[in-house]
Amino acid sequence: MSSEQDGRNRGRSSRPREGDSLADDLVSVSPPSPSWIDERLKLARDVKKVLARYATTHLGADHGTVLQLASGTQAIYLINEVLEIQIETGKSLDLHVLTTNLRVMELVRSYKTQHPGLFDSLGVVLTGGVLHPSLHSLVGEFAARHVATEEITPNIVFLGAKGVSFEGTELSVRYPFQEQLSTQKAYATRKTHHRVVIFDHTKLGDESGWDAGIGMSELVHRADLCSFVTSWPNTPGEQAVARRHEKGFLDMLQAKKDTLAGKQVVLRFINERGEVHHEVPEPKSNRAKRPNSRNNRKSQVSKGNKKPRSKRR
């Protein structure tokens, strides 16, 4: 077997087999007894993988990008996809990753060891803090200050959530541990080009846990673009919940239109194939193409009512 073929085979074998979970891949770097993060990695894993693949291919894996990844399971799935895509293509993206998530760092270290050469230029900065064993991440005020450092500005910041609600007069973003609130707020408010809150649809309307006190205006203030990316559910009941929050999101944008002026804010739903099911506000290009738009309807009516002229005798 040639060295080139051997390299391709190593790349293919690194991707989990159908039905395997990322949690299984992390056995070698997990503590002896499962923690909160280990158990959460097993939940909605197919949906999280789809969201991670979409985010990697459409939002944040360009050459030389500086990514910042918060604590939580979605960030772990995301970095896994970032690494796998580089193996699939055989091309290094020369990425720089800032994180407080130890699982992110451990995955990068593991891939660097397994694929020498490909990831040599991938840089990881662990921004410091106090270890939270259940999250396997760094938390506290020291961590929060370094998450928000002005010494380097990420192109894109990804953060997850335990619960997200667009109902009521203000956005609600919730987390399971009080100790992580300061760091999550730092991720939500630090300067960046694009801030992405990414979570599966089961988190919509979940009011359990600690409210981080992160409002829509704060999320958007120091970012040019803010995206909420979630999955589109398959059941009618869950779709009804998603539609309700979709309406709340649009109402919130309308209520805060002066504060959000000049900013791009979008709620995007991803289907099980990793495609955009729909987003709100709807892109202007889509509205212009809509066949039953007001102008088109008016044009059709006028054409339909047009009567032939009678001939003069």
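Here are some notes on the predicted model shown above, from the whole chain down to single residues.

1. Start with the big picture. The protein is built from 12 helices and 13 strands. It has 313 residues, and 47% of them count as buried. Its accessible surface comes to about 16,400 Å², with 50% of that belonging to carbon and sulfur atoms.

2. Next, think about who touches whom. If you take the contacts with a separation of 6 or more, 80% of them are between residues 24 or more positions apart. Keep that in mind when you scroll along the sequence.

3. Now for charges. Side chains of opposite charge can pair when their charged atoms come close. How many salt bridges does the count come to? The number is 16, and the next points walk through three examples.

4. Look at Glu 106 and Arg 103 to begin with. Their side chains meet in a salt bridge, at 3.4 Å from N to O. The two are separated by about one helical turn because they sit 3 residues apart in helix H6 (residues 102-114). Are they buried or exposed? Glu 106 is buried, and Arg 103 is buried too.

5. Helix H10 (residues 236-255) holds another pair, Glu 246 and Arg 243, which are 3 residues apart, or about one turn of the helix. Here the salt bridge spans 3.2 Å, N to O. The two ends get different labels, so check the numbers: Glu 246 has a relative accessible area of 10% and is buried, while Arg 243, with 42%, is partly exposed. Going back to Arg 103 and Glu 106, those two are joined with Asp 38 into one network by salt bridges that share partners.

6. The third pair is Glu 150 and Arg 222, whose side chains meet in a salt bridge of 2.9 Å, N to O. Where do the partners lie? Glu 150 is in the loop between helix H7 (141-147) and strand E6 (156-159), and Arg 222 is in the loop between helix H9 (216-221) and strand E11 (223-231), so this pair ties together parts that are 72 residues apart in sequence. Glu 150 is exposed, because its relative accessible area of 51% is over the 50% cut-off. Arg 222 has a relative accessible area of 31%, which makes it partly exposed.

7. Time for some backbone details. Most residues other than glycine have a negative phi, and most peptide bonds are trans. With that background, find the bond from Val 280 to Pro 281: this peptide bond is cis, with omega near -10 degrees. Pro 281 belongs to the loop between strand E13 (276-280) and helix H11 (284-289).

8. Ala 44 deserves a click as well. Although Ala 44 is not a glycine, its phi is positive, at about 50 degrees. You'll find Ala 44 in the loop between helix H3 (36-41) and helix H4 (45-58). Its relative accessibility is 32%, so Ala 44 counts as partly exposed.

9. Finally, try His 136. Which sign does phi of His 136 have? The value is positive, near 55 degrees, in a residue other than glycine. His 136 sits in the loop between strand E4 (130-132) and strand E5 (137-139). With a relative accessible area of 14%, His 136 is buried, because that label goes to residues under 20%.

How values were computed:
Residues are numbered from 1 along each chain as its sequence is written. This is a predicted model: local features need pLDDT of at least 70, side-chain atom pairs count only at pLDDT 80 or more; totals for chains, interfaces and linings use all residues. Side-chain values use heavy atoms; hydrogens and water are left out. A salt bridge is a side-chain nitrogen of Lys or Arg within 4 Å of a carboxyl oxygen of Asp or Glu. Helices (H or I, at least four residues) and strands (E, at least two) are DSSP runs, numbered from the N terminus. Buried means under 20% relative accessible area, exposed over 50%, partly exposed in between (1.4 Å probe, protein chains only). Contact means heavy atoms within 4.5 Å. Accessible areas come from the Shrake-Rupley method with a 1.4 Å probe; for residues, only the protein chains shown count as cover.
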